[in-house]
Amino acid sequence: MESNRTVDSPATVGLRGRCPRCGEGHLFKGFLSFRPSCEVCGLDFQFIDSADGPAFFVMSIVGIVVVALAMWVEFAYEPPMWVHAALWAPLSIILSLALVRPLKGMMAALQYANKAAQGRFR
């Protein structure tokens with residue numbers, strides 16, 4: 001299926017959860033499970049293997065943000081420990097859930113754009 005439309009960058013397409021080839025079909029069928037193929041262009045999504053990549057980036061980003069904010073609140077206001085638990089546990093969960101799907105989509109789109117495959121010995 002040929003199209004005159006140019007596809008956005010892999011990062012943009014992945015963050016939006018769209019097909020890496022056409023940029024229009026949906027990448028996900030649930031919260032984190034990939035569709036078998038694109039409903040618009042028919043690209044087979046069996047090549048996608050994001051493994052632990054999105055989880056690593058989510059943990060790194062959320063960890064940096066939450067620790068930085070917790071340290072700022074601690075040094076500025078010196079609240080009791082229960083305030084820290086009440087603030088940072090929900091923020092960690094919300095940020096993690098908000099970031100994991102877009103980052104998983106971006107990793108899939110980058111795999112497609114860079115033609116990533118399993119390493120093989122010659």
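**Helix α2, helix α3 and the loops around them**

I'll start with Gly 17, which sits in the loop between α1 and α2. This is a predicted model, so please hear everything that follows as a description of a prediction. Gly 17 counts as buried, at 5% relative accessibility. Setting aside neighbours within four places in sequence, Gly 17 is in contact with Gly 25, His 26, Leu 27 and Phe 28. As for its distance from α3, the C-alpha atoms of Gly 17 and Leu 91 are separated by 23 Å, and the two residues are 74 residues apart along the chain.

Arg 35 is in the loop between α1 and α2 as well. Arg 35 is partly exposed, with a relative accessible area of 28%. Its contacts, again leaving out residues within four places in sequence, are His 26, Leu 27, Phe 28, Lys 29 and Phe 45. His 26, Leu 27 and Phe 28 also appeared in the list for Gly 17. From Arg 35 to Trp 82 is 47 residues along the chain, and their C-alpha atoms are separated by 42 Å.

Further along that loop, which runs between α1 (10-16) and α2 (53-77), we come to Ser 50. Is Ser 50 buried or exposed? Ser 50 is buried: its relative accessible area is 10%, and the cut-off for buried is under 20%. Not counting residues up to four places away in sequence, Ser 50 touches Phe 34, Lys 104, Met 107 and Gln 111. Helix α3 covers residues 81-113, so three of those names will be familiar when we get there. Next to it, Ala 51 is found in the loop between α1 and α2. Phi of Ala 51 is near 50 degrees, which is a positive value in a residue other than glycine. Most residues other than glycine have a negative phi. At 58% relative accessibility, Ala 51 counts as exposed.

Now to helix α2. It has 25 residues and reaches 36 Å from its first C-alpha to its last, close to the 36 Å expected at 1.5 Å a residue. Which residues of α2 are buried? They are Gly 53, Pro 54, Val 58, Val 62, Val 66, Ala 70 and Val 73. An α-helix has 3.6 residues a turn, so residues three or four places apart point the same way. What covers the buried residues of α2 includes α3.

Val 67 is in helix α2 too. Val 67 is partly exposed, with a relative accessible area of 48%. Between Val 67 and Ala 116 there are 34 Å in space, C-alpha to C-alpha, and the pair is 49 residues apart in sequence.

On to the packing of the two helices. The axes of α2 and α3 lie 8 Å apart, at an angle of about 150 degrees. The two helices are therefore roughly antiparallel to each other, and α2 passes α3 in a right-handed crossing. How do the residues of this contact divide? There are 17 nonpolar, four polar and two charged.

On the α2 side, the residues that meet α3 include Phe 57, Val 58, Ile 61, Val 62, Val 65 and Val 66. Those that meet α2 from the α3 side include His 84, Trp 88, Leu 91, Leu 95, Leu 99, Lys 104 and Met 107. Lys 104 and Met 107 are also among the residues that Ser 50 touches. Val 58, Val 62 and Val 66 are among the buried residues of α2.

The last stop is Glu 78, found in the loop between α2 and α3. Just after α2, Glu 78 takes a positive phi of about 45 degrees, and this is a residue other than glycine. Is Glu 78 buried or exposed? Glu 78 is exposed, with a relative accessible area of 62%.

That is the end of the tour.

How values were computed:
Residues are numbered from 1 along each chain as its sequence is written. This is a predicted model: local features need pLDDT of at least 70, side-chain atom pairs count only at pLDDT 80 or more; totals for chains, interfaces and linings use all residues. Side-chain values use heavy atoms; hydrogens and water are left out. Helices (H or I, at least four residues) and strands (E, at least two) are DSSP runs, numbered from the N terminus. Buried means under 20% relative accessible area, exposed over 50%, partly exposed in between (1.4 Å probe, protein chains only). Contact means heavy atoms within 4.5 Å. Axes are lines fitted to C-alpha atoms, for helices over the stretch in contact, and angles run from 0 to 180 degrees between N-to-C directions. Angles under 35 degrees count as roughly parallel, over 145 as roughly antiparallel, 65 to 115 as roughly perpendicular and the rest as oblique. A crossing is left-handed if the near helix is turned anticlockwise from the far one by less than a right angle, and right-handed if clockwise. Ala, Val, Leu, Ile, Met, Phe, Trp, Tyr, Cys and Pro count as nonpolar, Asp, Glu, Lys and Arg as charged, and the others, Gly among them, as polar. The expected span of a helix is 1.5 Å times one less than its number of residues.
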